[in-house]
Amino acid sequence: MTDKNVNPEQNQADDNQAGENVDERFADIVDGVDIDAEASAEGAQAPEEQAPEELSREAQLEALLAERTEDLQRLQAEYVNYKRRVDRDRALSRQAGVDKVITDLMPVLDSIAMARQHGEVEGGFKLVVDDLEKVTNAHGLTSFGEVGDAFDPTLHEALMQLPMEGVTVTSVSQVMQPGYKLGDRVLRPARVAVSDPDPNAAPAEPGATEPGAPAESEAEEPKVEESQDQTPETDD
């Protein structure tokens, strides 16, 4: 019965008023909101859906970077090894050249040594000899082999035996040809005559002082005299 008394026009007016209220509320809610931007954001792909592709791209870049880094490290190591080999070969080549020149000069140096033994290194020839020895010494060349040296098979080449008085160990008794060292390397051993120990030579006493050194008693003598001088005299 209530439905029959409802006015259709009144219902239409109520519906229109309700619609206007909804529109006003919606306008208040969306006031200041960029609807187009929100729509474009909704239409775009979600971050969750982009994450796998982005992660895959980052992994590829990291793998490529690691590969290039390993290549650079390998290249640097190869360069360092190459430079080390080149420097070593250069030093060996230089040393080989010095050895060749010094070896060729050995007969000249032997002639100079013989001339010096006979006192013939004088005048202008002495200046030439001095300059030549300065050059060889600058390259580390030294001669060895003197009478009285203890015989060393790594340094001396024994050609004959020649007795020498007073030696207590096997020693060099004569030098026929001096030996030469270049740095620590023996270029040529000294050719010498050797002497076995002299059976008549007195063995060196343990703790004996070198020739020319003051004896222990002599060294203490001044101290004894000084102590005697400092002792006061007493009258009998």
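Is Asp87 buried, partly exposed or exposed? Asp87 counts as partly exposed, at 32% relative accessibility. The views below come from a predicted model.

**View 1. Asp87 and Lys83 form a salt bridge within helix H3.** The closest N and O atoms of Asp87 and Lys83 are 3.2 Å apart. Helix H3 covers residues 47-117. The two residues sit four positions apart in H3, so about one helical turn separates them. Lys83 has a relative accessible area of 41% and is partly exposed. Asp87, at 32%, falls in the partly exposed class as well. That class lies between the cut-offs of 20% and 50%.

**View 2. Lys83, Asp87 and Arg90 belong to one network.** Salt bridges that share partners join these residues. The structure holds eleven salt bridges.

**View 3. Asp130 and Lys126 form a salt bridge in helix H4.** Their closest N and O atoms lie 3.1 Å apart. Helix H4 spans residues 123-138 and contains both partners. Four residues separate Asp130 from Lys126, about one turn of the helix. Asp130 is partly exposed at 26% relative accessibility. Lys126 is partly exposed too, with a relative accessible area of 40%.

**View 4. Arg185 and Asp99 form a salt bridge between distant parts of the chain.** Their closest N and O atoms are 3.0 Å apart. Arg185 belongs to strand S5, while Asp99 belongs to helix H3. The two residues are 86 residues apart. Arg185 is partly exposed, at 37% relative accessibility. Asp99 is buried, with a relative accessible area of 17%. Asp99 gets that label because buried means under 20%.

**View 5. Three strands form an open antiparallel sheet.** The strand order is S1-S4-S5. Strands S1 (141-144) and S5 (185-188) stand at the edges. Each edge strand has a single partner, so one side of each is left without a neighbour in the sheet. From one strand to the next, the twist averages 35°.

**View 6. Strands S4 and S5 pair in the antiparallel sense.** Strand S4 covers residues 179-182. Three bridges connect S4 with S5. Lys181 stands opposite Val186 of S5. In general, the strands of a sheet pair through backbone hydrogen bonds.

Notes: Residues are numbered from 1 along each chain as its sequence is written. This is a predicted model: local features need pLDDT of at least 70, side-chain atom pairs count only at pLDDT 80 or more; totals for chains, interfaces and linings use all residues. Side-chain values use heavy atoms; hydrogens and water are left out. Two strands pair if DSSP finds at least two bridges between them. Axes are lines fitted to C-alpha atoms, for helices over the stretch in contact, and angles run from 0 to 180 degrees between N-to-C directions. A salt bridge is a side-chain nitrogen of Lys or Arg within 4 Å of a carboxyl oxygen of Asp or Glu. Buried means under 20% relative accessible area, exposed over 50%, partly exposed in between (1.4 Å probe, protein chains only).
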